[in-house]
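Reader: I would like to go through this model and ask what stands behind each term. Please keep the answers short.

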Amino acid sequence: MTAGRIIFLNGTSSSGKSSVARELLDVLDDGVFFHLAVDSFNAMRTKRTLGEAELETALRRTRMGFHRSIAAMAEVGNDVVVDHVLSERWRLLDCLSVLPAENVLFVGVHCPLEELERRERARGDRPSGLAAYQYDLVHRHGDYDLECDTGTSSPRECAEQIKEFLPLRPTPTAFARLRDRHVRVEPEGR
């Protein structure tokens, strides 16, 4: 069985990742793609009020489960578009540890801060200042296979750019390069 491809969109809240992902599902015509979004996983959680420590533990477990769900979908041959916010170092390290680096097209989704703040206000469903808080965090690892800017290009244009680039994935991929730099892999048998 051939493992599925993973198009991994990383950007701040309100950067347009979900819009690009929806467009990708429409333009990609060489396989069956599934959109897996971290927000969808968070929405599945119980709605009762949690204390700060309990919430932090639940969010960490949710994100770890999300990463493993991506890996499981791809392992059995599904193509996946991932919509995520790698605003904490451990999230990137966990993804590098569980996802098949050679099958990941890592896409940085950028947008100017002023536009992020405008979108955040217009949406009204995000804490004020979230995008600004994440702005310097999500791209600090500094390595992508491809980058797009939803401040200058429409989600459809970004999706078309990704579609054209997908067959040209570099070897090694950005995920493989990042794994080599940041994850210590134990040799088998230890």
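Reader: Among contacts in the chain between residues at least 6 apart in sequence, what share join residues at least 24 apart?

Author: The share is 81%. One caution: this is a predicted model. A contact here means heavy atoms within 4.5 Å.

Reader: What makes the chain as compact as a globular protein of its length?

Author: Set the value against the globule rule. The rule gives 16 Å for 190 residues, and the radius of gyration of the chain is 16 Å, so the chain is as compact as a globular protein of that length. The C-alpha atoms fill a box of roughly 45 × 40 × 30 Å along the principal axes.

Reader: How much of the chain counts as buried, and by what cut-off?

Author: Buried means under 20% relative accessible area. By that test, 45% of the 190 residues are buried. The accessible surface of the chain is about 10,000 Å², and carbon and sulfur atoms hold 51% of that surface.

Reader: Which secondary structure elements does the chain have, and in what pattern?

Author: There are eight helices and five strands. Along the sequence they read β-α-β-α-α-β-α-β-α-α-β-α-α.

Reader: How do you know that S2 and S3 pair, and in which sense?

Author: Two strands pair if there are at least two bridges between them. S2 and strand S3 (residues 79-84) have five bridges, in the parallel sense, so the condition is met. One of the bridge partners is Val-82 in S3, opposite Leu-36.

Reader: And what about S4 and S5?

Author: Strand S4 (residues 104-110) and S5 share four bridges, again parallel. With at least two needed, they therefore pair. Val-107 has Leu-146 of S5 as its bridge partner.

Reader: What is the strand order, and why are S2 and S5 called edge strands?

Author: The five strands form an open sheet, ordered S2-S3-S1-S4-S5, with parallel pairing. Strand S2 (33-37) and S5 each pair on one side only, which is what marks them as edges. From one strand to the next, the twist averages 20°.

Reader: Which strands does helix H3 touch?

Author: Helix H3 (residues 52-75) packs on the sheet and touches strand S1 (6-10), S2 and S3. The direction of H3 makes about 165° with that of S3. Helix H7 (residues 155-165) lies across S1, S4 and S5, at about 165° to S5.

Reader: Which residues of S5 are on the covered face, and which on the uncovered one?

Author: In strand S5 (residues 146-149), Leu-146 and Cys-148 make up the covered face. Glu-147 and Asp-149 make up the uncovered face.

Conventions
Residues are numbered from 1 along each chain as its sequence is written. This is a predicted model: local features need pLDDT of at least 70, side-chain atom pairs count only at pLDDT 80 or more; totals for chains, interfaces and linings use all residues. Side-chain values use heavy atoms; hydrogens and water are left out. Buried means under 20% relative accessible area, exposed over 50%, partly exposed in between (1.4 Å probe, protein chains only). Axes are lines fitted to C-alpha atoms, for helices over the stretch in contact, and angles run from 0 to 180 degrees between N-to-C directions. The radius of gyration is taken over C-alpha atoms; the globule rule is 2.2 Å times the number of residues to the power 0.38. Accessible areas come from the Shrake-Rupley method with a 1.4 Å probe; for residues, only the protein chains shown count as cover.
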